[in-house]
Amino acid sequence: MRVRARVAFLITALLVGGGAHALWAQPVEVEGALRAEYEAASDTWLLEGSPVRLRQGVLVLEAHSVRYRGREGTFEAAGGVRVVYGDELAAQGQQAVGSVRERRAALEGDVRAAYRTADSPVQLVAPALELDFARRIARARGGVRVSWAEASLHAQEVWVDGPSEEVHAVGRPLVRWQDLDLVAGSLRADLRARVVWAAGGVRLEHPTAVAEASLAEVLWQDRVAVLRGAVVVRRGADQLVADQVRYAWQRGVLAAEGRSRVVVHP
C-alpha cells in the first residue's frame, strides 16, 4: 500500500489503531513524511522525508529515510539521523538501527551526542555509539572524544552511566584538565563528586612534577591526587619514590606515606 497524501495523519492513525500488536506501548506518531509505503505481510513502513520524524513519548527519531517494523517495534534509519530522549540526551549520526519497544539505538558515522548532567553536559564524538534509554547508558567505541566542564577525555571506549553520572573509559584513556594530564589503562570518573579513579600504568603530568603509579585517586575540586603502588615522582632532577604520595599539584606540595626514598640534586 502506498500513501502519498495526508501522510502524517494516516500513518499516525494506522499505527495507533492498526491492530492488537500496536497496543504493547504508547502510540508511535509519524510526522513530516513526504513518502510512505506499507507492506502488510511484514508490517513494515518505508518512510521518507526531510526529515521524517517518529515519536513515542519522549523518544524522537529523525532521519531522511526510516524502515519501521510495527510488529517488532524496530527501525533502520539513514541520512541525517538524530535521536532525542526528552531533555536528557540528543545524538546524531549517518545511520542507526534500534528498537522503539526496547528503548535502544545504535548510531554510526561521525556520531555526536550530548548527555545532560546536573552540572554540565557531557559532549561526545565517536565513530559509533550505543544507547540504552531504559537504563540511561551510552557506550561509544572506536576512538572517542569527550568533553565535560573544563575537562576532556580521549579513549578507545567510553560509556556514560546516567543514573550515577559516572564515565568509564578503557584503551589508554587520556584526561586533560587545565594544565594537568592523566593517562592510565582504565579510569572511572564520578561527575557529581568530581573524583577520578585511574588504574594500570598511571602517569600524571603537571608543570610542577611528573608522577607514575599503579593507582590514582584524583580529587579535582581540591586539586589533589593520591597516588598508590610503586609511586615515582620527579621534579626536575629530584626524585621521590614511595608506597603512597599525596600530590597537591596546584600548590606543588608532595607528601609521602609508608616507605619512601628521596634523591635530591644540588
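**Entry 1: a loop residue**

I take strands as DSSP runs of E with at least two residues, numbered from the N terminus. On that basis I place Gln178 in the loop between E12 and strand E13 (180-183). I note that the model is a predicted one. I looked up the backbone of Gln178 and found a positive phi of about 55 degrees, although Gln178 is not a glycine. Is Gln178 buried, exposed or partly exposed? The relative accessibility of Gln178 is 45%, so I enter this residue as partly exposed.

**Entry 2: another positive phi**

I then looked up Arg223. This residue is not a glycine either, yet its phi is positive, at about 60 degrees. Arg223 is in a loop, with strand E16 (209-219) on one side and strand E17 (224-235) on the other. I have Arg223 down as partly exposed because its relative accessibility is 23%.

**Entry 3: a cis bond**

Which peptide bond did I record as cis? I recorded the one that runs from Ser50 to Pro51, where omega is near 0 degrees. Pro51 belongs to strand E3, which I have as residues 44-56.

**Entry 4: aromatic pairs**

I searched the whole structure for aromatic pairs and got five. One of them joins Tyr38 and Trp45, with 4.7 Å from centre to centre and 40 degrees between the planes, and I list this pair as tilted. I checked how far each partner is covered. Tyr38 is partly exposed, at 21% relative accessibility. Trp45 has a relative accessible area of 2%, so I mark it as buried.

Why do I list Trp177 and Trp249 as edge-to-face? Their planes stand at 80 degrees, and planes over 60 degrees apart count as edge-to-face. The ring centres of Trp177 and Trp249 are 6.3 Å apart. I also looked at where the partners sit. Trp177 is in strand E12 (residues 174-177), while Trp249 is in the loop between strand E18 (238-248) and strand E19 (253-263). The pair therefore connects distant parts of the chain, with the two positions 72 residues apart. I find Trp177 buried, and Trp249 buried as well. Trp220 also comes in here: ring pairs join Trp220 with Trp177 and Trp249 in a cluster.

**Entry 5: charges over rings**

I looked for arginines placed over aromatic faces. Arg139 lies over the face of Trp159, 4.4 Å from the centre of the ring. Arg188 lies over the face of Trp197, and here I note 4.1 Å to the ring centre.

**Entry 6: salt bridges**

How many salt bridges did I count? The count is 21. I looked at some of them one by one.

Arg139 turns up again in this list: its side chain meets that of Glu157 in a salt bridge, at 2.6 Å from N to O. Glu157 is part of strand E10 (residues 151-161) and Arg139 is part of strand E9 (residues 137-148), so this bridge ties together parts that are 18 residues apart in sequence. Both ends have their accessibility on my page. Glu157 is partly exposed, with 23% relative accessibility, and Arg139 is partly exposed too, with a relative accessible area of 36%.

Glu102 and Arg104 form a salt bridge through their side chains, with 2.6 Å from N to O. I put Glu102 at 47% relative accessibility, which means partly exposed. Arg104 has a relative accessible area of 38%, and I class it as partly exposed.

Arg176 and Asp181 form a salt bridge as well, at 3.4 Å from N to O. With a relative accessibility of 42%, Arg176 counts as partly exposed.

**Entry 7: a network around Glu62**

Some salt bridges share partners, and in this way Glu31, Arg53, Arg55 and Glu62 are joined into one network. I followed Glu62 further. It is in strand E4 (residues 59-69). Is Glu62 buried or exposed? It is buried, because its relative accessible area is 14% and buried means under 20%. I also noted a polar contact of 2.8 Å between the side chains of Glu62 and Arg53.

What does Glu62 touch, leaving aside its neighbours within four places in sequence? I listed contacts with Pro51, Val52, Arg53, Gly80, Val81 and Arg82. Pro51 is thus on my list for a second time, as the residue that follows the cis peptide bond from Ser50 and as a contact of Glu62.

Definitions and conventions: Residues numbered from 1 in each chain as written. Predicted model: local features only at pLDDT ≥ 70, side-chain atom pairs only at ≥ 80, totals over all residues. Heavy atoms only, no water. Phe/Tyr/Trp six-rings, centres within 6.5 Å; stacked < 30°, edge-to-face > 60°. Buried < 20%, exposed > 50% of the residue type's maximum accessible area, 1.4 Å probe, protein only. Helix = DSSP H or I, 4+ residues; strand = E, 2+ residues; numbered from the N terminus. Lys NZ or Arg CZ within 6 Å of the ring centre and 35° of its normal. Salt bridge = Lys/Arg side-chain N within 4 Å of Asp/Glu carboxyl O. Polar contact = N/O pair within 3.5 Å; in protein donor to acceptor, adjacent residues only side chain to side chain. Contact = heavy atoms within 4.5 Å.
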